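Ready for some practice in reading a protein structure? Take a look at what is shown below, then work through the exercises with a pencil in hand.

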Amino acid sequence: MDKFAITGGTALQGEIPVNGSKNSALPALAAALLTAEPVTLRRIPRVRDIRTMQRLLVDIGTKVDADGDTVTLRTPRIVCAEAPYELVKTMRASSLVLGPLVARCGRARVSLPGGCAIGARPINLHIFGLEKLGARINQAHGYIEAEAAEGLRGAMVQFDRITVTGTEDLMMAAVLAKGETVLRNAAREPEVSDLADLLTKMGAKIEGSGTSTIRIQGVEALHGAEHAIIPDRIEAGTFLIAGAITGGDVAITGCVPEHIGALVSKLQQAGADVTQPDAGTLRVRGAGRLRSVDVTTEEYPGFATDLQAQYMALMTQAEGIAIVTETIFENRFMHAPELARMGANIRIEGRQAMVAGPRELTGAGVIASDLRASASLVLAALAARGETVIDRVYHIDRGYDRIEEKLARAGAKIRRVE
Ligand code: EPU
């Protein structure tokens, strides 16, 4: 298992480019199942979750051709409408094939995900929505079997709570349903809008993406299309915090600044100097002492849960007490005890973490528990005195494309130990 060895204390300098978004690329790849024609996707990030999704699609019957960060997918027919446990347990986003499979071939068999490091993560809302669209659902042996032999019918789906992949899954199911589907309390994340843009290019009729009510008029068939995935806002936010935590001067290029408005606002309140030199660049300069600023995670456009761990690492270096409240996942503080091993002063009470700073961090051996928790440990290590060794960095490889190379180019002393 690979590890990262990081010697902290260097202020990062220079430009760090951002990849295409992992969480946008995953549903886009699944959307290719909706047509027999080729779908070409550009800016697909080279991360492990994407390879997992491609493996799943190949088993389902897709021919996948990759050329750099461009991937072309052709699915002349569905060979096996199934997402097996072996893949779903390693990546919950595998359930994104449920909606497209039922829409394309009238049936799907998808393993239930089970719990994971950050929470229970059920898919009951995906299932609820599909039932509304007329699918018959049967659950047995840890699998969901969905069937709609006569095809899906448009319906009103009111989500009990906001779900990102649930909204995406239902949108993909509804594009080929008969009649109109209205998704209420839908997720407004940029990744949902990006998927709607791709589906529209494929011939779907979708209105209201980016708002909480999405209207979809079903069409007979979709066709091939070409689409470039939006930049990864979580990767951009992680690098922004890397600049701030090391007191450096870093330009994050190829990003969409509006997508991380909530983080930028918190960084500015904390005293970091964040500017936008051009439409696709954010520059962060560490400006002396940071102040503690509370944060509560929310659905978009609120502060992203996927940046909470990284922000907590930053708050260990800020003056005062920051209260970090996690509202999306019930168990997303696994990084806190690891940060504490490095010297952080963090007290957890239920869904809140009290971070008292500034504390001098010192290098230590720590373990990555999930994707974003690993990113927070990397950030803490960049600010720590001495060497930190992070074990199980396969978690970080799920969602960051060679993060160590990007950070090293900006001056970080980081190396991968195989
Ligand atoms: N939920 C339900 N029932 C459902 C679906 C969700 O109760 O059927 C609950 C979840 O348990 C959670 C909340 O609703 O408490 C929100 O979950 P959501 O469905 O929005 O999460 P997701 O779609 O599974 C995506 C991202 C996550 C990100 C969350 C929240 C992808 C592939 N994953 O997950 O990304 O944290 O939205 O923004 O888009 C990551 O990249 O590290 C990551 C975990």
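The exercises below concern a predicted model, and each comes with a worked solution.

**Exercise 1. The ligand and its shell**

Find out which residues come nearest to the ligand, and describe the shell by class.

*Solution.*

Step 1. Start with the residues around the ligand, of which there are 22. The nearest are Asn-124, Thr-163, Thr-165, Asp-306 and Ile-328.

Step 2. Sort the shell by class: 10 residues are nonpolar, six are polar and six are charged.

Step 3. Now look for polar side-chain atoms that face oxygen atoms of the ligand. Lys-22 has a polar side-chain atom 3.1 Å from a ligand oxygen. For Arg-121, an N or O atom of the side chain is 3.0 Å from an oxygen of the ligand. For Thr-165, the corresponding distance is 2.6 Å.

Step 4. Ask how much of the ligand is covered. On its own the ligand has 830 Å² of accessible area, and the protein covers 88% of that.

Step 5. Finally, trace the shell back to the elements of the chain. Those that contribute two or more residues are helix 1 (22–31), helix 5 (124–132), helix 6 (164–174) and helix 12 (371–383).

**Exercise 2. Buried or exposed?**

Decide whether Thr-163 is buried or exposed, and do likewise for Glu-150.

*Solution.*

Step 1. Locate Thr-163: it sits in the loop between strand 10 (156–158) and helix 6.

Step 2. Apply the cut-off. Buried means under 20% relative accessible area. Thr-163 has 12% relative accessibility, so it counts as buried.

Step 3. See what surrounds it. Beyond its neighbours within four places in sequence, Thr-163 is in contact with Leu-125, His-126 and Ala-187.

Step 4. Turn to Glu-150, in the loop between strand 9 (143–147) and strand 10. Exposed means over 50%. Glu-150 has 69% relative accessibility, so it counts as exposed.

Step 5. Use Glu-150 to get a feeling for distances in the model. From its C-alpha to that of Pro-257 is 44 Å, and the two residues are 107 apart in sequence.

**Exercise 3. Pairs of opposite charge**

Find which parts of the chain are linked by the salt bridge between Asp-49 and Arg-398, then examine the pairs Glu-180 with Arg-215 and Arg-416 with Asp-397.

*Solution.*

Step 1. Recall the idea: side chains of opposite charge can pair when their charged atoms come close. The model has 22 salt bridges.

Step 2. Take Asp-49 and Arg-398, whose side chains meet with 2.8 Å from N to O. Asp-49 is in helix 2 (residues 48–60), while Arg-398 is in the loop between helix 13 (394–397) and helix 14 (403–409); the pair links distant parts of the chain, 349 residues apart. With 3% relative accessibility, Asp-49 is buried.

Step 3. Move on to Glu-180 and Arg-215, where the closest N and O atoms are 3.6 Å apart. Glu-180 belongs to strand 11 (residues 180–184) and Arg-215 to strand 13 (residues 213–217), so this salt bridge ties together parts 35 residues apart in sequence. Glu-180 is partly exposed at 34%, and Arg-215 is partly exposed at 33%.

Step 4. Next come Arg-416 and Asp-397, with 2.8 Å between their closest N and O atoms. Since Arg-416 lies in strand 25 (residues 413–417) and Asp-397 in helix 13, the pair ties together parts that are 19 residues apart in sequence. Arg-416 is partly exposed at 23%, whereas Asp-397 is buried at 16%.

Step 5. Widen the view: salt bridges with shared partners join Asp-2, Asp-397, Glu-404 and Arg-416 into one network.

**Exercise 4. Unusual backbone angles**

Work out where the chain has the cis peptide bonds before Pro-301 and Pro-358, and where Arg-43 and His-141 lie.

*Solution.*

Step 1. Keep the usual case in mind: most residues other than glycine have a negative phi, and most peptide bonds are trans.

Step 2. The bond from Tyr-300 to Pro-301 is cis, with omega near 10°. Pro-301 is in the loop between strand 19 (295–296) and helix 10 (308–315).

Step 3. Gly-357 and Pro-358 are also joined by a cis bond, with omega about 0°. Pro-358 is in the loop between strand 22 (352–357) and strand 23 (365–367).

Step 4. Arg-43 is not a glycine, yet its phi is positive, about 60°. Its place is the loop between strand 3 (39–42) and helix 2, and it is partly exposed at 26%.

Step 5. His-141, not a glycine either, has a positive phi of about 55°. It lies in the loop between strand 8 (136–140) and strand 9, and at 77% relative accessibility it is exposed.

Methods: Residues numbered from 1 in each chain as written. Predicted model: local features only at pLDDT ≥ 70, side-chain atom pairs only at ≥ 80, totals over all residues. Heavy atoms only, no water. Near = heavy atom within 4 Å. Polar contact = N/O pair within 3.5 Å; in protein donor to acceptor, adjacent residues only side chain to side chain. Areas by Shrake-Rupley, 256 points an atom, 1.4 Å probe, with all protein chains shown as cover. Helix = DSSP H or I, 4+ residues; strand = E, 2+ residues; numbered from the N terminus. Nonpolar A, V, L, I, M, F, W, Y, C, P; charged D, E, K, R; others polar. Buried < 20%, exposed > 50% of the residue type's maximum accessible area, 1.4 Å probe, protein only. Contact = heavy atoms within 4.5 Å. Salt bridge = Lys/Arg side-chain N within 4 Å of Asp/Glu carboxyl O.
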